[in-house]
Amino acid sequence: QVQLVESGGGLVQAGGSLRLSCAASGGIFSFNAMGWYRQAPGKQRELVAAITSGGHTNYADSVKGRFTISTDNAKNTVYLQMTSLKPEDTAAYYCNLKVYSSKWFDYWGQGTQVTVSS
């Protein structure tokens, strides 16, 4: 059974940095894309950043230049380096894994809270 284990969330002051990690396990030998989504209270879940197995990246406009997504393909792990954090970055951050094997499979982590104080 596929599991995504996230770590690295916490409380930080505005302007600070955090790094989120998400490790996939349970029979995953490769992936098509991994990414991070976030959901603030009362808002819809939104894409923050995504990366394909080939290294192509995509970022939300609100985080471009501040966040960097990267992977360790050998470890099926995705990272999100967050810098210059703002109070509006406060949300629960969810790791996502997309795998194609005859059809698309979509997996989610349990979420990690990021709180940015002003």
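This passage describes the fold, surface and aromatic pairs of a predicted protein model.

The protein contains eleven strands and zero helices. Read from the N terminus, its elements run β-β-β-β-β-β-β-β-β-β-β. The radius of gyration is 14 Å, and the globule rule gives 13 Å for 118 residues. These two values are close, so the protein is as compact as a globular protein of that length. Along the principal axes, the C-alpha atoms fill a box of roughly 45 × 25 × 25 Å.

Contacts were then considered by their separation along the sequence. Among contacts with a separation of 6 or more, 54% join residues 24 or more positions apart. Buried residues account for 42% of the 118 residues.

The surface was examined next. The protein exposes about 6,400 Å². Carbon and sulfur atoms supply 48% of this area. The protein carries 10 positive and 7 negative charges. The mean positions of the two sets are 1 Å apart.

A search of the whole structure finds three aromatic pairs. One of them joins Phe 105 and Tyr 107. The ring centres of Phe 105 and Tyr 107 lie 6.4 Å apart, with 10° between the planes. This pair is stacked, because planes under 30 degrees apart count as such. Phe 105 has a relative accessible area of 30%, and Tyr 107 has one of 23%. Buried means under 20% and exposed means over 50%, so a residue in between counts as partly exposed. Phe 105 is therefore partly exposed, and Tyr 107 is partly exposed as well.

Conventions
Residues are numbered from 1 along each chain as its sequence is written. This is a predicted model: local features need pLDDT of at least 70, side-chain atom pairs count only at pLDDT 80 or more; totals for chains, interfaces and linings use all residues. Side-chain values use heavy atoms; hydrogens and water are left out. Helices (H or I, at least four residues) and strands (E, at least two) are DSSP runs, numbered from the N terminus. The radius of gyration is taken over C-alpha atoms; the globule rule is 2.2 Å times the number of residues to the power 0.38. Buried means under 20% relative accessible area, exposed over 50%, partly exposed in between (1.4 Å probe, protein chains only). Contact means heavy atoms within 4.5 Å. Accessible areas come from the Shrake-Rupley method with a 1.4 Å probe; for residues, only the protein chains shown count as cover. Lys and Arg count as positive and Asp and Glu as negative; His and the chain ends are not counted. The place of a charge is taken as NZ of Lys, CZ of Arg, CG of Asp or CD of Glu. Rings of Phe, Tyr and Trp (its six-membered ring) pair if their centres lie within 6.5 Å; planes under 30 degrees apart count as stacked, over 60 as edge-to-face and the rest as tilted.
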